[in-house]
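Thanks for making the time this morning. I would like to walk you through one structure, going from the sheet to the helices, then to a pocket and two loops.

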Amino acid sequence: MITKYGDLTDLDTVPTALVALDFLRSYAHDCLHYGSFRMYTLHGDRLVRIRYGLNRRSPDGIPYSARDRADSRTTRNLGIVTEGATDREARNIARQVAERFSLTPSPDPFNGLAFRDTTGQLTEADRTKLAIMTGPSAADKADRNRYLAAMAVYENNVNTRYETFLTEIGGVDREELHATIINATINGDSSELTTWLDLRYGPNAFESLFQAEVSRHPDLM
């Protein structure tokens, strides 16, 4: 069995507990995706998906939200919100297991960074390091390069944006907002989330935050 961190049978070079935590995070992440709400409709002679978690699009493929700018540190895109919420919850699960079994980061810099990433405990120094990475570093082994480069891309484009979004919109209630997003992603009922946002930001806050002008289609409202 292999995770993105390494081969579970290669016990001499990869910490067993870290591989198991990485596998758990990945498994939880994919289970949450698999269990996310979906809605399909007929469009002509084709069956098309118009809802996935919170994300949605019109039958002819127009996305509800615009893409974030490439240099954005936050998000207003429902695809990123759904992905970020899913991974945050998966990291929470991995962190709870690590705490349950008293697992701690390795003193090795690379393994320590991987542990903090897997359990959702990246420091500001970690994020600063990842934010400036654009590709593999010649100083590291090739497989570690690929791992770090993939971690940096995902952290910068998904997790950092989602965490910033939670702070901007949720404030002191950011954990409550995250839980509400997870519930809506799984059960497909966004009424709790829209009510949560309306109470804090006024009527139609969900649409104001996420809906792009080009997507103002009746099937997306």
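Before I describe any strand, let me say that two strands are called paired here if DSSP finds at least two bridges between them. Please also keep in mind that what you see is a predicted model, and that residues are numbered from 1 along the chain as the sequence is written.

With that criterion in hand, look at strand β1, residues 38-43, which is joined to β2 by six bridges, the two strands running antiparallel. Within this pairing, tyrosine 40 of β1 stands opposite arginine 49 in β2, and leucine 42 likewise has a partner across from it, namely leucine 47 in β2. The two strands make up a hairpin with two residues between them, and in that turn glycine 44 has a positive phi of about 65°.

The hairpin belongs to an open sheet of three strands, in the order β1-β2-β3, with antiparallel pairing. Since β1 and β3 stand at the edges and each has a single partner strand, one side of each is left without a neighbour in the sheet. As a general reminder, strands of a sheet pair through backbone hydrogen bonds, either parallel or antiparallel.

Let me now step back to the whole chain. The secondary structure comes to eight helices and three strands, and along the sequence these follow the pattern α-β-β-β-α-α-α-α-α-α-α. The protein has 221 residues, of which 43% count as buried, and its accessible surface comes to about 12,000 Å², with 55% of that belonging to carbon and sulfur atoms. If we take the contacts with a separation of 6 or more, 59% of them are accounted for by residues 24 or more positions apart.

Two threonines in the helices illustrate such long separations in sequence, and I will take them in turn. Threonine 160 lies in helix α5, which covers residues 142-170, and it counts as buried because its relative accessible area is 8%, where the cut-off for buried is under 20%. Once residues up to four places away in sequence are set aside, threonine 160 touches Arg73, Arg127 and Glu155. Its C-alpha atom is separated by 9.7 Å from that of serine 72, although the two residues are 88 residues apart along the chain.

Threonine 185, in turn, is found in helix α6, residues 174-187, and with a relative accessible area of 2% threonine 185 is buried too. What does threonine 185 contact, leaving aside its neighbours within four places in sequence? The residues in contact with threonine 185 are Ser36, Phe37, Gly53, Leu54 and Thr82. Between the C-alpha atoms of threonine 185 and glutamate 83, which are 102 residues apart along the chain, the separation is 9.9 Å.

Next comes the second largest pocket, which has a volume of about 280 Å³. It is lined by 17 residues, and the closest of these to its centre are Asn55, Arg56, Arg57, Pro63 and Gly79. Elements that give two or more residues to this lining are β2 (46-52), β3 (55-56) and α2 (78-100), and β2 gives the most, with four residues. By character, the lining of this pocket divides into five nonpolar, six polar and six charged residues.

I will finish with two loop residues whose backbone deserves a look. Most residues other than glycine have a negative phi, and most peptide bonds are trans. Serine 102, however, has a positive phi of about 55° although it is not a glycine; serine 102 sits in the loop between α2 and α3 (109-118), and it is exposed, with a relative accessible area of 61%. Asparagine 204 also has a positive phi, near 60°, and its place is in the loop between α7 (191-201) and α8 (205-210). Is asparagine 204 buried, exposed or partly exposed? At 48% relative accessibility, asparagine 204 counts as partly exposed, because that class lies between the 20% and 50% cut-offs.

Terms used:
Predicted model: local features only at pLDDT ≥ 70, side-chain atom pairs only at ≥ 80, totals over all residues. Heavy atoms only, no water. 1 Å grid on protein atoms, 1.4 Å probe; cavity = no way out; pocket = protein on both sides within 12 Å on 5 of 7 lines; lining within 4 Å. Points joined across faces, edges and corners; volume = space filled by probe spheres on them. Nonpolar A, V, L, I, M, F, W, Y, C, P; charged D, E, K, R; others polar. Buried < 20%, exposed > 50% of the residue type's maximum accessible area, 1.4 Å probe, protein only. Contact = heavy atoms within 4.5 Å. Areas by Shrake-Rupley, 256 points an atom, 1.4 Å probe, with all protein chains shown as cover.
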